[in-house]
Amino acid sequence: MARIGSRTLHQLIYASRIAIPWPDQGREVDQIIEASVRNNQAVDVTGLLLVHDGWFVQALEGPAEAVLNTYRRISDDARHGDCRVLHAGPGESRSFEDWHMCARHMTPADEAILDTLSMKGLFEPHRLTGKQALRLLKAVRGVQHSTRLRALG
Ligand SMILES: Cc1cc2nc3c(=O)[nH]c(=O)nc-3n(C[C@H](O)[C@H](O)[C@H](O)COP(=O)(O)O)c2cc1C
């Protein structure tokens, strides 16, 4: 179990249904990320937000109290609903240490990721086990890194 100072690292992954009308989604997600980076940085929380096919899947990691307080606030947000925790518990190490928060809108080119979880036809993140949810977000982390590197190059 990893420690952050004297505290243990906590990880939480949840899935929820997006409740933002289509034309506004990009702008709303930008605003969510802006608030997330500001707040999460202050309490040492990192993570990743996947946006796909009417769903959010988000990982939060950091000190337990900060992660749980952040999740409590997020789950009250009317921009989504039907929040379901897929995985919560102590972690060995951070998986998303590069981002206080970062959103990835899955593109058709990314959808090969879903094949690895047999989800391409039907994206139903509520049905993922904690392990599958973590695998999905780590795969998304990989494409996010490679896209950023391409953009820099
Ligand atoms: C899908 C989703 C993910 C969010 N993720 C975070 C987050 O990681 N951190 C955060 O502080 N707020 C997050 N929010 C926003 C919170 O619900 C809330 O609006 C925000 O924390 C309020 O911050 P403020 O009082 O600084 O404006 C998220 C909202 C949604 C809908």
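Helix H1 does the most to surround the ligand in this predicted model, giving five residues to the shell around it. Three elements each hand over two or more residues to that shell: helix H1 (25-43), strand S4 (55-63) and helix H2 (64-75). The shell has 16 residues, and those that come nearest to the ligand are Ser36, Arg38, Asn40, Arg73 and Asp77. Sorted by class, the shell around the ligand splits into six nonpolar, six polar and four charged residues.

Now for the polar contacts. An N or O atom in the side chain of Arg38 is 2.7 Å from an oxygen atom of the ligand. Asn40 pairs up with a nitrogen atom instead: a polar atom of the Asn40 side chain lies 2.9 Å from a nitrogen atom of the ligand. Arg79 also joins in, with an N or O atom of its side chain 3.2 Å from a ligand oxygen atom. As for cover, the ligand on its own exposes 620 Å², and the protein buries 81% of that area.

Where does the ligand sit? The answer is the largest pocket. That pocket has a volume of about 310 Å³, and its lining is made up of 15 residues. Ile32, Ser36, Ile74, Asp77 and Arg79 are the lining residues that lie nearest the centre of the pocket. Two of these names have come up already, since Ser36 and Asp77 are also among the residues that come nearest to the ligand.

Which elements give two or more residues to the lining of the largest pocket? These are H1, S4 and H2, the trio already met in the shell around the ligand. H1 again supplies the largest share, with five residues of the lining. By class, the lining of the largest pocket comes out as six nonpolar, six polar and three charged residues.

Key
Residues numbered from 1 in each chain as written. Predicted model: local features only at pLDDT ≥ 70, side-chain atom pairs only at ≥ 80, totals over all residues. Heavy atoms only, no water. Near = heavy atom within 4 Å. Polar contact = N/O pair within 3.5 Å; in protein donor to acceptor, adjacent residues only side chain to side chain. Areas by Shrake-Rupley, 256 points an atom, 1.4 Å probe, with all protein chains shown as cover. 1 Å grid on protein atoms, 1.4 Å probe; cavity = no way out; pocket = protein on both sides within 12 Å on 5 of 7 lines; lining within 4 Å. Sits in = over half its atoms within 2 Å of the grid points. Helix = DSSP H or I, 4+ residues; strand = E, 2+ residues; numbered from the N terminus. Nonpolar A, V, L, I, M, F, W, Y, C, P; charged D, E, K, R; others polar. Points joined across faces, edges and corners; volume = space filled by probe spheres on them.
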